[in-house]
Structure formats: C-alpha cells, structure tokens
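Visitor: Could you take me on a close look at the largest pocket and what surrounds it? I'd like one connected walk rather than a list.

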Amino acid sequence: GFFQGTYHLSDNLELTLGGRYTHVTTRSTLITRETDIDAVNAVFASDLRFIPFEPSTGLHLYTGGTWADDPIAIANSLFVDTDGDHIRTPLGDPRTDKAEASFSEFTPMASASYFVPESQLDGSFINSALIYFTWSNGFKAGFLEPKGSDGLVTVKPELLENFELGTKLDLLENTLRINAAVYDMSFDDMQLITVGVDSSNSLIVTSTNAGKSKITGAELELSWLPIADLLISLSYSNNNYRFLEYEEFDLLDLVLGTQTRVDRSDENFAKSPEQTAALGIQYSWSTPGGTFTPRIDVSYTGEIYHGFDNGAWEARKTNPDAVFADAYYLVDARLSWESHTSGIRVAAWIKNLTDERYLNGWNASADSVGNFVEIVGEPRMFGVDVQKYF
C-alpha cells in the first residue's frame, strides 16, 4: 500500500508527504542430494589401480600405471551417468527442506521543494531553479537461502534512511540543465555476500547482514546543447562507504571448531567503486536521405575492492593487486541512420574501442580457499543493429 500527497504552502514552496507499507511472505522448498560415499568407494574398489588410503574418509590412492598418467581423469572416467541427469557422481536419497518467512515494514518520506521566483532570476544566466530536501526510508525484504548442510536459513531485511539535498537548474536560455545532489544513507542490517561455514564445517558462499553501515556522497548530471543538434551529457558520482558495525566469526577458527569474533568495520565495501563518471557527445544532422547521428561515450570506473572475507582485507597490506581491481576507462562509439519515411533505423557500433583489458568481476577469498578468481570484461566488440518501426 502506498500514498503520497503534495501541499502548496505558497506559489513557490511545496511540501510532500508519503508512506509505503510492505508485507512480504516468501516460501521455499530446497531439495538436496549429497554424494553417496559408499557407492563412490565401491566404484574405486572395483578398479585395481586404486587402493584405500584412509578407509574412514573414503580417500583412495592411484598406484597403477605410469608417471605420465592423469589419475584425476582416470578416476572421473570410472563414473557414468546412469539415469540421464548429467550427473555421474552417485548420489544419496534426496533431502527436502521447507521454510516460510514473513517481513513487514512501513517506510515514510517527506520532501520540501522551493522553486526560485522568476523575478529573482531576471537578468541572470539561470532560467529556472529548484532546491529540494528529502527524507526517505527504504526496505529490502529478507529472504531464505540455502546454507550447506543446514538447509534453508533466513537473512534479515535491510533498512535504509536517506537524507538528500539537491538542486535542478536550467541555464543559458534553457540549453544547459544541471542536476546535483548530496546525500547521506544509513543502513541497518545491510545484506552482504560472504564466505562462511555450515554446521558440518563445510565452506560455503552465503549471505549475511552487516549491523550498521553508511554511504555519503554526491552526484552530478549535466545535459548541454551548445548549438543545435549537438548534445553533450556528463555524469559523475563520488561515494564514501563505511561500515559502522560489522562483526563476523573468524572463518579459520570456525573450521577448527571455535568461535572468535572479528571486527570487519574497517573494510571497504566490496564491488563498489568510490568514483564513476561518464561523458557522451552526439551530433545529429538531417539530410534528404535520413538523419545521421554519430555518438561517442567515455566512462570511468574507479578502483574496486573485491574481497569476500577478512583475510582478503588483510592481504591488501602485502598484495593489494590480489584484492583490488584497477580503475579503467571504456570508450564506445556508434553511428546511426534513421529514415524519415520507412521507419528503418540502422546503427553500427563498437564497444570498448581501445580494447581495454579490465576486470568487471572478482572474488578474493583468502580465509577460505586462499585464492582469487578474476573475470575479465568484454574485449573490443563491434556490430550492426537494424530496426524497423511500424
């Protein structure tokens, strides 16, 4: 349920009040099938090249053959897909886990907007100006998530309180528009992805909640028509991310069966660049044969931290390249043509024009598996789009 109303206190000042009530119920059914260790052991026991190494754990050693053999490939070849499910490992009987959780929250908002009187702008390069202040709240529902042998667990909802002060300006005979804002966002129980263990001490990627965290920042958006048909757009954001309360159990101690709390509130936010920017320039000109529009876009993404656990944050002291992705620029270009009469639009484009090598995905997990995985962004790509409008 949602409501919002605006009251004009004067010709230039208005007050907006609103609120939203949200109720979410989520139901999940998790079916888990684990490896049938006895069946695996039976497969190895049937091959004389493998002998038991530690019967209590089901481990086997490869002893037959030559030094050039690949024992892993040979072991894999012993298992076949018997039921057409594309899984060759023998599995035990399925285990079913069902759970239900409900979450409710009321999130109010209030905003005051002041339109600067035109009489105060006469004779200046500003054509219109709006100044606003907003207080708002946000709610992201909790959810159910598999957690290894523990089955389904509940991740708590995330709550947000935001204060924002901004302005919207039209300048230079309405050829330049500027939107700017500064904001302060406070989170309770921010939902994060981390590495943990289940009750059987198996390592898992799971979700958790940071007690309190904050984002303060500023954004700028600009659109400018310096001459007819030439459009220049610019955007920039700068954010300061901080954990205020974020504690977890030390992962290595959990694996060893003890619980030691670690304060992670000094860490950077993962997957969150502090600075981003984008610049776009396009020009359109009309000819008897149609409208041609070349465009070029340049984007900037600042340094990004990709650590999953406290060990990755500690690793930055000795090997920052293992947990931080460098800042990068990307250049895209596009040339489009649109018919005046047939409704056909053709566009040739190039993405990542400079063939920049950059990382757009990364997981650094020092405490768990002791490594990191890099995902390289798309290389230079080009193509042609053809569209028909009816």
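Guide: Let's start with what counts as a pocket here: it is an open set of points on a 1 Å grid where a 1.4 Å probe fits, with protein on both sides within 12 Å along at least five of seven lines. Its volume is the space filled by probe spheres set on those points. Keep in mind that this is a predicted model.

By that yardstick, the largest pocket holds about 550 Å³ of space. Its lining has 25 residues, and the ones closest to the centre are Lys 147, Thr 194, Thr 208, Glu 248 and Phe 249. Where does the lining come from? Two or more residues each are given by β8 (152-155), β10 (176-197), β11 (203-224), β13 (247-249), α4 (251-255) and β14. As for chemistry, the lining splits into eight nonpolar, nine polar and eight charged residues.

Strand β10 is a good thread to follow from here. The second largest pocket has about 260 Å³ of space, and 15 residues line it, with Leu 192, Ile 193, Ala 270, Lys 271 and Gly 307 closest to its centre. There, β10 provides the largest share of the lining, three residues. This second lining divides into eight nonpolar, four polar and three charged residues.

Now follow β10 into the largest nonpolar core. Eleven residues make it up: Tyr 183, Met 185, Phe 187, Met 190, Leu 192, Ala 210, Ile 215, Tyr 241, Phe 243, Tyr 246 and Phe 269. At least two of them come from each of β10, β11 and β12, and β10 gives the most, with five residues. Leu 192 is worth a second glance, being part of this core and also among the residues closest to the centre of the second largest pocket. For background, nonpolar side chains in soluble globular proteins tend to be buried together.

Part of that core is aromatic. Tyr 241, Phe 243, Tyr 246 and Phe 269 are linked by ring pairs into a cluster. Searching the whole structure turns up twelve aromatic pairs. One of them joins Phe 243 and Phe 269, a tilted pair at 4.5 Å centre to centre with 35 degrees between the planes. Phe 243 sits in strand β12 (residues 230-245) and Phe 269 in the loop between β14 (261-263) and β15 (275-283), so this pair ties together parts that are 26 residues apart in sequence. Both Phe 243 and Phe 269 are buried.

For contrast, try Trp 285 and Phe 292, which form a stacked pair at 5.9 Å centre to centre, with 25 degrees between the planes. Here Trp 285 is partly exposed at 37% relative accessible area, and Phe 292 is partly exposed too, at 29%. Rings also meet charges elsewhere: Arg 316 lies over the face of Trp 313, 3.8 Å from the ring centre, while Lys 351 lies over the face of Trp 349 at 5.4 Å.

One last stop brings us back to β10. Asn 174 is in the loop between β9 (158-171) and β10. Though not a glycine, Asn 174 has a positive phi of about 60 degrees. Is Asn 174 buried or exposed? At 54% relative accessibility, Asn 174 counts as exposed, because the cut-off for that label is over 50%.

Technical notes: Residues are numbered from 1 along each chain as its sequence is written. This is a predicted model: local features need pLDDT of at least 70, side-chain atom pairs count only at pLDDT 80 or more; totals for chains, interfaces and linings use all residues. Side-chain values use heavy atoms; hydrogens and water are left out. Rings of Phe, Tyr and Trp (its six-membered ring) pair if their centres lie within 6.5 Å; planes under 30 degrees apart count as stacked, over 60 as edge-to-face and the rest as tilted. Helices (H or I, at least four residues) and strands (E, at least two) are DSSP runs, numbered from the N terminus. Buried means under 20% relative accessible area, exposed over 50%, partly exposed in between (1.4 Å probe, protein chains only). A charge sits over a ring if NZ of Lys or CZ of Arg is within 6 Å of the ring centre and within 35 degrees of the ring normal. On a 1 Å grid over the protein atoms alone, a cavity is a set of points where a 1.4 Å probe fits but cannot get out, and a pocket is an open set with protein on both sides within 12 Å along at least five of seven lines; lining residues have an atom within 4 Å of a point. Ala, Val, Leu, Ile, Met, Phe, Trp, Tyr, Cys and Pro count as nonpolar, Asp, Glu, Lys and Arg as charged, and the others, Gly among them, as polar. A nonpolar core is a set of buried Ala, Val, Leu, Ile, Met, Phe, Trp, Tyr and Cys residues joined through side-chain atoms within 4.5 Å.
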